[in-house]
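Let's take a walk through this protein together, starting at one small detail and working outwards from there. Keep the viewer open as you read.

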Amino acid sequence: MARANRNILYIDEVNLLDDHLVNVLLDSAAMGVNLVEREGISIHHPSRFILVGTMNPEEGDLRPQILDRFGLSVEVKALESKEERLKVMQYRREFDHDPWEFEQKFKTQQENLQDKIIQAQKLLPQVMISQDMLEKIVEIITSLGIKTHRADIVMEKTSKALAALDCRTEVAEEDLKEAALMALPHRMKQLPFQKDEPLTQEAIENMIHGEPPEETFEIDRQRQLKKNITRTEVKGALQGKNSSKVTGSRGMYLKARDSKKPASLAVDATVRKAARENNNGKLVVLPEHVMEKVRVSKGESLYIILLDSSSSMRMDKKIGFAKSLSWLLLKESYEKKNKIALLAFRGDDAEILSSPTRDVNKIEESLENLPTGGKTPLTPAIYQALKMAKLEKRATPTLVVISDGRGNVFLEDNLETDIKLISEMIDGVNMVFVNAETRNRSIGVLEDISISFTAPHFYLDEVV
């Protein structure tokens with residue numbers, strides 16, 4: 001570790017290192033100092049190094065902590081064409097016959113590459129990257145569900161290095177694509193069924209430009225709801241959560257509350273309160289003891305489905321599952337004769353695909369032809385949906401937000417400010433959040449918003 005200071009530390013079979021050695025590497029990489037403590041010995045020395053490792057993934061994975069310490073990753077595969085494999089065999093024979101002559105054969109190419117790298121090192125301090133390119137870096141990384149900030153920093157540095165290597169002083173989109181393929185694959189959280197789905201240049205292209213791929217995302221009409229997220233709960237109604245029940249002068253007697261002018265006297269609650277507050281042994285009912293009945297009854301419902309159709313929803317076919325869930329909610333609303341509205345958000349704002357209606361054919365057609373791609377205006381879309389809900393006078397509105405939570409367009413400056421602004425509009429509106437990510441891959445934004453709004457939160461795989 002001392003000899004590796006200001007140098008390169010190369011580890012073969014890095015995934016087979018013992019845990020205590022991995023811990024030493026992590027501490028040294030973080031602090032730039034290696035601390036050695038044994039019985040009677042306590043020394044420390046500087047140890048700042050470039051970490052290079054090779055491994056066979058089939059023999060086991062690396063711990064996420066050390067995996068993130070590797071800035072870039074490159075996958076080396078065996079050649080497949082007959083011509084290339086024959087050339088490797090030829091090179092090996094030439095090397096075995098005369099190593100020195102073999103080295104001289106490639107000397108000119110090596111020197112040219114060396115000169116190119118030296119020129120790039122000189123040019124690197126002059127390379128600039130625009131704000132638009134920085135935003136694209138963040139969009140790509142958040143779309144892939146990568147939480148570590150090292151990914152953003154490594155992509156920026158790699159993009160600049162690639163531009164310098166190409167003798168340019170401005171980072172281009174091609175640099176971002178190439179940098180992403182080296183800086184991101186080993187940081188992506190792969191689910192078991194996604195092991196054979198590598199990050200491709202086409203996928204990066206779609207995330208940068210928001211261009212929809214040729215693949216279509218059909219509605220799976222064979223699916224069934226695993227959990228009824230719109231189920232009426234009396235407790236939820238009283239706490240402002242998702243429910244189609246309303247309070248009024250008719251319906252089931254649920255509880256009692258204080259009231260100076262009760263519309264319906266709760267005799268039992270009034271007597272109990274008077275008995276608790278009289279200490280002289282006599283039951284005297286005073287005006288301050290009067291309690292009113294709180295009744296709850298079913299009311300007409302309006303479901304506003306707010307569907308995320310941005311670029312990030314195309315990853316892992318999340319938009320297909322989200323459209324299927326929307327169709328199931330549409331089918332349920334039709335059966336219960338509720339009104340339903342559909343909004344989709346992408347780019348810079350939300351689009352009203354269908355105003356509140358009971359005409360399910362119109363909404364289903366909009367859902368089938370839903371365009372995808374672009375940025376994720378999560379909070380502006382919620383704001384617009386709440387404005388629609390506030391216009392509803394007769395029905396109890398329930399806003400169902402289906403998204404992966406990767407918002408990157410805001411009403412104001414940031415998410416926290418937007419939440420404060422939106423919280424002023426949610427009175428009288430039930431909200432339900434359905435996270436298009438799994439529990440392990442979620443970035444936590446929808447969970448935080450649902451807590452702020454005291455609204456239920458579900459993961460998509462729990463629902464459909």
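Just after helix α16 comes T454, a residue with a positive phi, near 50°. This is a predicted model, so please read every value here as computed from predicted coordinates. From T454, step back into α16 itself, which spans residues 445-452. Its buried residues are V445, L446, E447, I449 and S450. What lies over them? The cover includes two helices, α14 (378-390) and α15 (415-423), along with the strands β11 (396-403), β12 (430-435) and β13 (457-459).

Those strands lead us to the sheet. Six strands make up an open sheet with mixed pairing, and their order is β10-β9-β8-β11-β12-β13. β10 (349-357) and β13 are the edge strands; each has a single partner, so one side of each has no neighbour in the sheet. From one strand to the next, the twist averages 15°. As a reminder, the strands of a sheet pair through backbone hydrogen bonds, in either a parallel or an antiparallel way.

Let's cross the sheet from the β10 edge. β10 pairs with β9 in the antiparallel sense, over six bridges. If you would like a landmark for this pairing, find I340, whose bridge partner in β10 is T357. The two strands form a hairpin with two residues between them, and here G347 takes a positive phi near 75°. Moving on, β9 (residues 339-346) pairs with β8 (residues 301-308) in the parallel sense, and seven bridges join them. Here D308 has F345 of β9 as its bridge partner.

On the next step, β8 meets β11, again running parallel, with seven bridges between the two. I304 is a handy place to look, as its bridge partner in β11 is L399. β11 then runs parallel to β12, joined to that strand by six bridges, and V400 stands opposite V432 of β12.

β11 deserves a pause. How many of its eight residues are buried? Eight of the eight are. Cover is found on both faces: T396, T398, V400 and I402 are buried on one side, and P397, L399, V401 and S403 are buried on the other.

S403 also brings us to a loop residue, M313, which sits between β8 and α12 (318-335). Is M313 buried or exposed? Its relative accessible area is 0%, so M313 counts as buried. Beyond its neighbours within four places in sequence, M313 is in contact with D308, K318, I319, A322, S403, D404 and A436. M313 and T372 are 59 residues apart along the chain, and their C-alpha atoms are separated by 8.1 Å.

Now return to α14, one of the helices covering α16. α14 has 13 residues and reaches 19 Å from its first C-alpha to its last, close to the 18 Å expected. Most of this helix is covered, with 10 of the 13 residues buried; among them are L378, P380, I382, L386 and M388. T379 lies in α14 too. With a relative accessible area of 2%, T379 is under the 20% cut-off, and so it counts as buried. What does its side chain do there? The T379 side chain makes a polar contact of 2.5 Å with the side chain of D418. Leaving out residues up to four places away in sequence, T379 touches V409, F410, L411, L415, D418 and I422.

For a contrast in setting, look at L72, in the loop between α2 (64-67) and α3 (82-97). L72 has a relative accessible area of 41%, so this residue is partly exposed. Even so, L72 touches V154, T158, M182, A183 and H186, not counting residues up to four places away in sequence. One of these, T158, is 86 residues from L72 in sequence, while 8.6 Å separates the two, C-alpha to C-alpha.

Finally, zoom out. The protein chain has 17 helices and 13 strands, and 41% of its 464 residues count as buried. Among its contacts with a separation of 6 or more, 73% come from residues 24 or more positions apart. About 27,300 Å² of the chain is exposed, and carbon and sulfur atoms supply 51% of that area.

Conventions. Residues are numbered from 1 along each chain as its sequence is written. This is a predicted model: local features need pLDDT of at least 70, side-chain atom pairs count only at pLDDT 80 or more; totals for chains, interfaces and linings use all residues. Side-chain values use heavy atoms; hydrogens and water are left out. Buried means under 20% relative accessible area, exposed over 50%, partly exposed in between (1.4 Å probe, protein chains only). Helices (H or I, at least four residues) and strands (E, at least two) are DSSP runs, numbered from the N terminus. Contact means heavy atoms within 4.5 Å. Two strands pair if DSSP finds at least two bridges between them. Axes are lines fitted to C-alpha atoms, for helices over the stretch in contact, and angles run from 0 to 180 degrees between N-to-C directions. A polar contact is a pair of N or O atoms within 3.5 Å; within protein, one must be able to donate a hydrogen and the other to accept it, and residues adjacent in sequence count only if both atoms are side-chain atoms. Accessible areas come from the Shrake-Rupley method with a 1.4 Å probe; for residues, only the protein chains shown count as cover. The expected span of a helix is 1.5 Å times one less than its number of residues.
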